[in-house]
Amino acid sequence: HFLPAGRMDSAGGDSLLHAALDRLKGRIGDSALSRVCVVGRLNESVASEKNKPSSLGDWMNNLFLHCDVEEHHVSGVFLILQETWLLLLEAHSDYMALILREACSPASLGEGRVLTWMDDVAERVFPCWLYRTLTMPHTDVPDLPKDDATVATTVASCVMDVMAIGKDLGSLRESDLEAALSNIRIKYADRLPSNEQLLSLASCELCPTVNECLRLLVIPTNIVLDGD
């Protein structure tokens with residue numbers, strides 16, 4: 001369930017994403033990196049079916065298998081919990097919006113909410129692309145207060161914990177990386193979010209939906225100045 005950086009195979013295949021990425025080839029150059037973290041609640045029909053979450057992870061893997069590593073390298077993690085999911089993507093800024101729109105397109109993911117969108121990040125924290133289906137222990141999470149400061153603190157804590165997992169994985173030798181990934185729930189028990197934490201964030205209206213974020217950040221806004 002992981003694709004090491006520099007070792008992804010181009011498997012061909014057609015999609016709107018891949019066609020758009022092909023058109024960008026040769027124009028990206030030294031594009032800056034972006035990092036986006038999204039959470040959501042699985043549709044009930046998916047969460048209740050034993051094999052559906054894994055199928056969803058396989059679909060996401062297949063999506064990124066078609067991205068050429070040199071031009072469209074995607075790194076990050078897709079976590080599928082009992083009722084929720086978290087997706088952290090790292091990719092070149094020029095086509096992050098394309099990748100995010102496609103990655104969050106399945107109806108089975110429900111409505112994703114963007115916790116953070118970071119542009120011009122210095123470096124990747126994940127050494128590869130991976131997904132995991134996890135059953136996390138239950139935690140008692142109080143309702144998230146609807147004030148900006150509390151939400152910002154909660155979001156930052158969640159995102160930083162997931163990034164810390166990526167940094168640790170990136171520090172490991174390849175043989176140790178395989179072992180860590182096979183035992184990720186135990187090794188990173190103190191960093192992984194619980195299902196209840198993600199449920200709280202996925203219902204937080206102060207976090208924009210993926211579509212709202214794409215409209216805000218991607219679609220040009222015509223600004224009319226006084227006197228124009």
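Which residues line the largest cavity? In this predicted model, the lining is made up of Val 77, Leu 79, Phe 126, Val 162, Ile 165, Ile 184 and Leu 192. Strand S3 and helix H6 each put at least two residues into that lining. The space inside comes to about 30 Å³, and the count of cavities of 30 Å³ or more stands at 1.

Stepping back to the whole chain, there are 10 helices and 6 strands. Of the 228 residues, 47% are buried. Contacts often reach a long way along the sequence: taking those between residues at least 6 apart, 85% join residues that are at least 24 apart.

Strand S3, which helps to line the cavity, is a good place to start looking at the strands. S3 covers residues 75–80, and 6 of its 6 residues are buried. Both of its faces are covered, with Ser 75, Val 77 and Leu 79 buried on one side, and Gly 76, Phe 78 and Ile 80 buried on the other. S3 has strand partners too. One of them is S4 (residues 84–92), which pairs with S3 in the antiparallel sense through 6 bridges. Here Gly 76 has Leu 89 of S4 as its bridge partner. The two strands make a hairpin, with 3 residues sitting between them. Strand S6 (residues 128–133) is another partner, but S6 runs parallel to S3 and is joined to it by 5 bridges. In that pairing, Phe 78 stands opposite Tyr 131.

What about S4 itself: how many of its residues are buried? The count is 9 of 9, so S4 is largely enclosed by the rest of the structure. Besides its hairpin with S3, S4 pairs with S2 in the antiparallel sense, this time over 9 bridges. Val 39 and Leu 86 of S4 stand opposite each other.

Leu 86 turns up again in the largest nonpolar core, which has 34 residues. Along with Leu 88, Leu 115, Phe 126, Leu 130, Leu 169 and Leu 201, Leu 86 is among the residues with the most contacts inside this core. Strands S2 (33–41), S3, S4 and S6 each supply at least two of the core residues, and so do helices H6 (148–170), H7 (174–182) and H9 (195–202). H6 gives the most, with 8 residues. Phe 126 is worth a second look, as it belongs to this core and also to the lining of the largest cavity. For Leu 201, setting aside neighbours within four places in sequence, the contacts are Val 39, Arg 113, Leu 115, Leu 144, Thr 154, Val 155 and Cys 158. A second core, separate from this one, holds 30 residues, including Leu 63, Trp 117, Trp 129 and Val 210.

Turning to the cysteines, the structure holds 0 disulfides. Cys 37 is in none, and the nearest cysteine sulfur, belonging to Cys 158, lies 5.7 Å away. That spacing is too wide to count, because a disulfide needs two cysteine sulfur atoms within 2.5 Å. Cys 37 counts as buried because its relative accessible area is 0%, where the limit for burial is under 20%. Cys 128 is buried as well, also at 0% relative accessibility.

Strand S5 offers a contrasting picture with two aspartates. Asp 119 is found in S5, and so is Asp 120, in a strand that spans residues 113–121. Is Asp 120 buried or exposed? Asp 120 is exposed, because its relative accessible area is 61% and the cut-off for exposed is over 50%. Its backbone also stands out: phi of Asp 120 is near 55 degrees, a positive value in a residue other than glycine. Asp 119 is only partly exposed, with a relative accessible area of 46%. Apart from its neighbours within four places in sequence, Asp 119 is in contact with Leu 33, Ser 34 and Ser 93. Leu 33 and Ser 34 fall within S2, which covers 33–41. Asp 119 and Ala 32 are 87 residues apart along the chain, and their C-alpha atoms are separated by 7.3 Å.

Definitions and conventions
Residues are numbered from 1 along each chain as its sequence is written. This is a predicted model: local features need pLDDT of at least 70, side-chain atom pairs count only at pLDDT 80 or more; totals for chains, interfaces and linings use all residues. Side-chain values use heavy atoms; hydrogens and water are left out. Helices (H or I, at least four residues) and strands (E, at least two) are DSSP runs, numbered from the N terminus. Buried means under 20% relative accessible area, exposed over 50%, partly exposed in between (1.4 Å probe, protein chains only). Two strands pair if DSSP finds at least two bridges between them. A nonpolar core is a set of buried Ala, Val, Leu, Ile, Met, Phe, Trp, Tyr and Cys residues joined through side-chain atoms within 4.5 Å. Contact means heavy atoms within 4.5 Å. On a 1 Å grid over the protein atoms alone, a cavity is a set of points where a 1.4 Å probe fits but cannot get out, and a pocket is an open set with protein on both sides within 12 Å along at least five of seven lines; lining residues have an atom within 4 Å of a point. Grid points are joined across faces, edges and corners, and a volume is the space filled by probe spheres set on the points.
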